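Here is a short tour of one protein model, written for someone who likes to check each statement against the atoms. Have the viewer open as you read.

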Amino acid sequence: MTADDPLARNEPPDRAGPVAAFFDLDKTVIAKSSTFVFSKPFYAQGLLNRRSVLESSYAHFLFQLSGADHDQMERMRAHLTSMCAGWDVEQVKSIVAETLHELVEPLIYAEAMDLIADHRIRGHDVVIVSASGEEIVAPIAAALGADHVAATRMVVADGHYTGELDFYCYGAGKVAAIDKLAADQGYELARCYAYSDSVTDLPMLSAVGHPTAVNPDRALRREATARGWPVLTFSNPVSLWSRFPSSSSTVAATAAVGLGALVAGAVSYRLLRKR
């Protein structure tokens, strides 16, 4: 984390009502695209063919290289929804649960984990907001101890994806999601925080009183500089379990999700608070 800590300049823990910290997921909390991470087990289970894996790899390369602009995101959305049509929803959930510990937890930025813990010390809710599918995002958010999740939802019929979207959590969709959460939970967005790496999340960042650019693409860095927003650099992806040596590497994936939530959401909070 850079010296420009978005929490360092603020007052002691908020007491005037609930406050939320909204985190984008890919390249903000984890070092890779959450959807791309699961392409290998999806291929092994027959959900993806070789061409789809190659196309996903190329899209991920472009995403890592320079971030995704609006047009690229729209093309990826159309590609992913078409590709997922007919997939069995329970099979997808099972694959994610079985491989989460191996594939995703080693990619979580240590700096993001510390920042999430800092927000918990202040009594803030933590919300993961992602354009990736809910079946992928929700287990990752649980491992991080997030209080709420906003993610893309696909239409399901007879237990299978139809290839249509029920809700696209992207751009203005992210703002709609956090507006709804604010209404439901009583958040005053002017007192809330948001973190993202992409200029496509400018609407979400602009919707809160404390926006921060994390590993920003060039366009977002320009916007953040012009608006005087803090800019953070996260560069140290580590395993969630490496922070807690007593954890067993043989824990089943379902237990990893539940215990990960406890570790990230409760234990780290109490340990840091004692400091």
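## Contacts and overall make-up

Take the contacts between residues at least 6 apart in sequence: 68% of them join residues at least 24 apart. Keep in mind that this is a predicted model. The protein has 275 residues, and buried ones make up 51% of them. Its secondary structure comes to 11 helices and nine strands. The accessible surface is about 12600 Å², with 53% of that belonging to carbon and sulfur atoms.

## Strand β7 and its neighbours

A good place to zoom in is strand β7, which covers residues 210-214. Why can β7 be called largely enclosed by the rest of the structure? Four of its five residues are buried, so the surroundings cover most of the strand. The cut-off behind that statement is a relative accessible area under 20%.

Strand β7 pairs with two other strands. With β6 (residues 193-196) the pairing is parallel and runs over four bridges; one of the residues involved is Tyr193, whose bridge partner in β7 is His210. With β8 (residues 231-232) the strands are again parallel, joined by two bridges, and here Val214 stands opposite Leu232 of β8. The table puts the two pairings next to each other.

| Partner strand of β7 | Sense and bridges | Residues facing each other |
|---|---|---|
| β6 (residues 193-196) | parallel, four bridges | Tyr193 and His210 |
| β8 (residues 231-232) | parallel, two bridges | Val214 and Leu232 |

Following the chain onward from β7, you meet helix α10 (residues 218-227) and then β8; together the three make a right-handed β-α-β unit.

## Aromatic pairs

How many aromatic pairs does the model hold? The count comes to six. Among them is the pair of Phe22 and Tyr187, which is edge-to-face, with 6.2 Å from centre to centre and 85 degrees between the planes. Phe22 sits in strand β1 (residues 20-23), while Tyr187 belongs to the loop between α8 (172-185) and β6, so this pair ties together parts that lie 165 residues apart in sequence.

Are these two residues buried or exposed? Phe22 has 0% relative accessibility and so counts as buried. Tyr187 is buried as well, at a relative accessible area of 7%.

Elsewhere, Phe38, Phe42 and Trp87 come together as one aromatic cluster.

How values were computed: Residues numbered from 1 in each chain as written. Predicted model: local features only at pLDDT ≥ 70, side-chain atom pairs only at ≥ 80, totals over all residues. Heavy atoms only, no water. Buried < 20%, exposed > 50% of the residue type's maximum accessible area, 1.4 Å probe, protein only. Pairing = 2+ DSSP bridges. Right-handed = clockwise from strand over helix to strand, strands pointing away. Phe/Tyr/Trp six-rings, centres within 6.5 Å; stacked < 30°, edge-to-face > 60°. Contact = heavy atoms within 4.5 Å. Areas by Shrake-Rupley, 256 points an atom, 1.4 Å probe, with all protein chains shown as cover.
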